[in-house]
Amino acid sequence: MSKEQDELSQLLNRNRLSEAMSDHLLKLGIESLSDFVGLVDSQSYESELKTLIVDKSACKDDLVQLSRVRNAWKEAHMTVEKSRKRRIEGIVDDCDDPLDSGTQETLLKTFNTMYGVTLNMHMMPSDTLLGRVYREFCRGAPTVIPAKKIMSLYKASAGASRESVSLGSNIMVQVSSEPPAIKTVVGYYWSLRVLAHAYALAGTHKVPSIASPSKQVTFAPLDINVQYADYCLRQVTEIVPNASQQLVWLQSKDENPRACMVEFMRQGQSQGEALQNALAQTEVAWSMPAVM
């Protein structure tokens with residue numbers, strides 16, 4: 001499956017189109033968000049989606065599916081238009097840009113419906129973190145995000161750290177500096193929890209399981225990612241009794257399985273399955289104490 005097809009599939013899954021409705025759209029020959037958007041006229045999309053698409057499918061008279069098709073089309077239209085505008089203006093897409101309001105609202109709504117959980121500002125990923133994770137999932141190009149760059153909405157809202165630089169002649173400018181290093185094990189743990197929520201928010205869509213191809217799995221399940229953060233905290237407190245060694249030990253152990261996870265994801269595994277497989281592969285390292 002190409003990246004464009006995967007992005008389309010994620011859109012349909014994220015907006016909870018039924019299997020029958022998704023199959024009908026794909027049988028029309030669409031292979032990308034642009035294809036989907038081009039099926040109807042943007043000025044009369046609401047009526048045309050009903051008469052030209054839904055009414056000719058097995059979901060005719062299904063008002064819920066009609067609503068979801070319209071929501072999916074609006075999201076696709078915003079994405080395509082934003083991409084077109086950036087190309088015209090010669091702007092390179094920044095992976096850390098916040099998502100457009102429509103996409104972010106859809107992710108939050110789907111997450112709340114699926115898990116019945118409302119995240120507060122301390123647990124909600126920052127707009128830039130969510131934008132980065134979402135785009136990495138869409139492109140099939142995940143990366144290992146350093147813990148110090150995993151920021152909650154609260155932390156990001158408090159303002160980026162800045163430092164003053166003298167240019168001489170009494171001219172001072174302020175530049176953004178790197179996020180401060182995490183100083184405690186608990187702080188590291190909360191970063192992993194925020195990352196878990198970012199993954200779960202961006203990965204509510206269903207994909208075929210690698211282990212059982214006939215089975216559909218959630219791309220990035222909340223429970224698997226939260227359990228990973230809990231596992232990290234439990235292991236460091238049980239394996240490394242010396243508090244002064246815990247943070248360095250935890251960082252080294254955490255980055256290894258997350259690097260393995262990225263490798264598995266780039267081979268086509270869902271984030272949840274990739275994380276589980278990476279943890280199983282690195283399990284022995286988690287039982288090794290810190291070197292004195």
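Author: Before we start, contact here means heavy atoms within 4.5 Å, and the model we are looking at is a predicted one.

Reader: Fine, then which residues of helix 9 meet which residues of helix 10?

Author: On the helix 9 side the residues are Val185, Tyr189, Leu192, Arg193, Ala196, His197, Tyr199 and Ala200, and on the helix 10 side they meet Leu222, Asn225, Val226, Ala229, Asp230, Cys232, Leu233 and Val236. Sorted by character, the residues of this contact come out as 12 nonpolar, two polar and two charged.

Reader: And how do the axes of helix 9 and helix 10 cross?

Author: The two axes come within 8 Å and cross at roughly 165°. Because angles over 145 degrees count as roughly antiparallel, helix 9 is roughly antiparallel to helix 10. The crossing of this pair is right-handed.

Reader: Cysteine 232 is in that list, so is it buried or exposed?

Author: Cysteine 232 has a relative accessibility of 1%, so it counts as buried.

Reader: What about cysteine 260, buried or exposed?

Author: Cysteine 260 is buried as well, since its relative accessible area is 11% and the cut-off for buried is under 20%.

Reader: How many disulfides turn up in the whole structure?

Author: Zero disulfides are found when the whole structure is searched.

Reader: Back to the helices: how do the axes of helix 7 and helix 9 cross?

Author: Helix 7, which covers residues 127–139, and helix 9, residues 185–202, have axes that come within 9 Å and cross at roughly 50°. At that angle helix 7 is oblique to helix 9, and their crossing is right-handed.

Reader: Which residues meet there?

Author: Leu129, Leu130, Val133, Tyr134 and Phe137 of helix 7 meet Val194, Ala198, Tyr199, Leu201 and Ala202 of helix 9. By character, the residues of this contact are 10 nonpolar, with no polar and no charged ones. Tyr199 is listed here, and Tyr199 also appears among the helix 9 residues that meet helix 10.

Reader: Changing topic, where is alanine 72, and is it buried or exposed?

Author: Alanine 72 lies in helix 5, residues 63–88, and with a relative accessibility of 0% it counts as buried.

Reader: What does alanine 72 touch?

Author: Leaving aside residues up to four places away in sequence, alanine 72 touches Leu11, Asn15, Leu17 and Phe36.

Reader: And what separates the C-alpha atoms of alanine 72 and arginine 16?

Author: These C-alpha atoms are separated by 9.0 Å, while the two residues stand 56 residues apart along the chain.

How values were computed: Residues numbered from 1 in each chain as written. Predicted model: local features only at pLDDT ≥ 70, side-chain atom pairs only at ≥ 80, totals over all residues. Heavy atoms only, no water. Disulfide = S-S within 2.5 Å. Buried < 20%, exposed > 50% of the residue type's maximum accessible area, 1.4 Å probe, protein only. Axes fitted to C-alpha atoms, helices over the stretch in contact; angles between N-to-C directions. Helix = DSSP H or I, 4+ residues; strand = E, 2+ residues; numbered from the N terminus. Parallel < 35°, antiparallel > 145°, perpendicular 65-115°, else oblique. Left-handed = near helix turned anticlockwise from the far one by under 90°. Nonpolar A, V, L, I, M, F, W, Y, C, P; charged D, E, K, R; others polar.
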